[in-house]
Amino acid sequence: ECHGLNPEAHRDNFAHMGFKINIVVSPQDCAVCHPVEARQYGMSKKAYAVTNLSANPVYSLLVDTIIGKKEVIGGKVKDSAPSAATKAETCYGCHGTEITVDGMKEVSTRMGRQLVPNLKNWPNQGVGRINPDGSRGSCASCHPRHGFSIEVARKPYTCAQCHLEPDVPAWDVYKESKHGNIFFSQGQEWDFKAVPWKIGKDFNAPTCAACHNALITTSDGRVIAERTHDFGARLWVRLFSLIYSHPQPKAGDTSLIRNKDGLPLPTAFTGEPATPFLITDDERLAREKGMKGICQGCHSTSWADGHFAKLDNSIQEVDAMTKEATSVLGEAWRLGLAEGLPQGKNPFDEVIEKKWIKQWLFYANSIKYASAMTGAPDYAAFKNGWWYMSENLKEMVEWVDCRKKGK
């Protein structure tokens with residue numbers, strides 16, 4: 001039933017033991033029974049995860065710089081492009097790959113030799129993979145194939161496949177938080193299959209699904225949050241630093257965003273948001289109110305208000321520290337101590353540029369995620385937090401100073 005759907009759309013459809021089947025089951029196939037979920041997911045950043053890397057020249061350059069092969073020639077490090085296999089098991093392992101069909105191939109099976117489609121960039125279960133039928137995403141990223149368990153999808157281990165320190169430390173922060181403490185201590189008593197999911201009856205502390213997408217009600221059935229498979233639909237601010245925090249994008253395809261300088265980034269290097277591509281203030285306030293309502297399913301109004309006030313403060317202070325690091329890098333570029341955007345060169349490959357990346361991609365994220373998810377203060381302080389952010393900024397300043405003196 002699942003592997004035989006929409007055969008006319010599937011380039012991976014082939015004759016097999018008297019049936020016409022597809023190798024890859026896609027969201028378009030799942031939509032036959034789950035149209036609302038597939039439509040919501042199709043609008044999300046997750047569905048566009050591979051496109052948001054591959055179609056954005058800035059992000060693609062960052063990926064290639066990080067995972068490209070390196071050689072030391074004449075005392076200098078020379079970069080070369082990463083192989084497709086390396087991409088598929090690193091950044092694109094989470095974001096997804098584009099699965100294409102390159103003719104047929106013969107394989108040996110217990111039933112003899114068989115002709116099957118020759119798939120490129122397979123296997124891959126990245127959230128934004130592009131499937132042979134042209135659809136985006138993999139439902140199996142969260143609902144593993146052949147079981148499709150809502151229980152598996154609701155447990156934080158599923159999100160932990162990709163949301164890890166140092167760049168997206170949600171799982172690490174959750175493990176150390178009070179919410180995580182309760183989950184590990186009492187989670188075996190919860191009902192992870194109940195729909196709707198009732199606070200105080202089916203579970204006693206949030207998992208990722210509770211805040212991001214599950215249908216949540218009070219114990220007497222009052223709806224607190226409607227179910228959604230657009231995992232950013234409840235979020236009002238995008239904490240993930242690119243380079244600074246900013247309102248959530250309007251559309252899942254963030255490769256369309258252009259900042260004031262024409263770069264495909266949601267903020268300028270000086271911090272101004274690319275407002276035309278981001279949600280409005282009214283939408284932002286409505287989403288923040290909705291998320292606060294989820295918190296108030298267990299907590300008092302004053303508790304929730306205090307938490308959100310601390311988060312706002314963390315965002316402002318951390319972004320300010322990132323801006324300081326960006327100004328130091330800008331000075332290095334202006335003085336010709338490093339070559340980046342002003343020179344039309346790679347802004348990610350020199351020592352001071354890599355330290356600048358750490359400032360917003362590792363340290364800023366650690367602090368903001370710790371603040372947003374509450375109860376893991378060490379991730380805000382010493383574990384990739386304020387300690388390293390402050391130390392890194394000082395090292396950047398001293399790097400520039402040493403280069404200036406040497407010059």
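Contact here means heavy atoms within 4.5 Å. The structure is a predicted model, in which local features need pLDDT of at least 70 and side-chain atom pairs count only at pLDDT 80 or more, while totals for chains, interfaces and linings use all residues. Residues are numbered from 1 along each chain as its sequence is written, and side-chain values use heavy atoms, with hydrogens and water left out.

**Exercise 1. The chain as a whole**

Describe how many helices and strands the protein chain has, and how its radius of gyration relates to the globule rule.

*Solution.* Begin with the elements, which are DSSP runs numbered from the N terminus (helices are H or I of at least four residues, strands are E of at least two); the protein chain has 16 helices and eleven strands. Next take the radius of gyration, computed over C-alpha atoms, and the globule rule, which is 2.2 Å times the number of residues to the power 0.38. The radius is 23 Å, close to the 22 Å that the rule gives for 407 residues, so the chain is as compact as a globular protein of that length. Finally, 45% of the 407 residues count as buried, where buried means under 20% relative accessible area, exposed over 50%, and partly exposed in between (1.4 Å probe, protein chains only).

**Exercise 2. The core around Ile216**

Find the residues with the most contacts inside the largest nonpolar core, and then trace what Ile216 touches.

*Solution.* A nonpolar core is a set of buried Ala, Val, Leu, Ile, Met, Phe, Trp, Tyr and Cys residues joined through side-chain atoms within 4.5 Å. The largest has 71 residues, and those with the most contacts inside it are Trp197, Ile216, Ile352, Trp356 and Trp360. Leaving out residues up to four places away in sequence, Ile216 touches Trp197, Ile199, Phe203, Ala210, Arg222, Val223, Ile224 and Ala225. A second, separate core has six residues, among them Tyr41, Ala47, Tyr48 and Val127.

**Exercise 3. The sheet that holds Trp197 and Ile216**

Work out the order of the strands in the open sheet, and state which residue in E8 is the bridge partner of Trp197.

*Solution.* Two strands pair if DSSP finds at least two bridges between them. Three strands form the open sheet in the order E7-E8-E9, with mixed pairing, and the edge strands, each pairing on one side only, are E7 and E9 (223-225). E7 and E8 (residues 216-217) pair in the parallel sense over two bridges, and in E8 the partner of Trp197 is Ile216. Pro196 lies in the loop between helix H10 (178-186) and strand E7 (197-198), and the peptide bond joining Val195 and Pro196 is cis, with omega about 0°.

**Exercise 4. Helix H4 and the hairpin of E3 and E4**

Identify the cap of H4, list its buried residues, and describe the hairpin of E3 and E4.

*Solution.* At the N-terminal end of H4, Asn56 acts as the cap, with a side-chain oxygen 2.9 Å from the backbone nitrogen of Val58. The buried residues of H4 (residues 57-67) are Val58, Tyr59, Ser60, Leu62, Val63, Thr65 and Ile67, and they pack against helix H3 (49-54), E3, helix H5 (84-88), helix H6 (91-95) and helix H14 (351-373). Strand E3 (residues 69-73) pairs with strand E4 (residues 76-80) in the antiparallel sense over five bridges, and Lys69 has Ser80 as its bridge partner in E4. Two residues stand between the strands of this hairpin, where Gly74 takes a positive phi near 60°.

**Exercise 5. Residues in loops**

Decide why Gln248 counts as buried and why Asn121 counts as partly exposed, and place both residues in their loops.

*Solution.* Gln248 lies in the loop between strand E11 (246-247) and helix H12 (281-295), and Gln248 counts as buried because its relative accessibility is 3%. Its side chain makes a polar contact of 2.7 Å with that of Lys45; such a contact is a pair of N or O atoms within 3.5 Å, where within protein one must be able to donate a hydrogen and the other to accept it, and residues adjacent in sequence count only if both atoms are side-chain atoms. Asn121, in the loop between strand E6 (112-120) and helix H7 (150-154), counts as partly exposed because its relative accessibility is 33%. Although Asn121 is not a glycine, its phi is positive, at about 65°.
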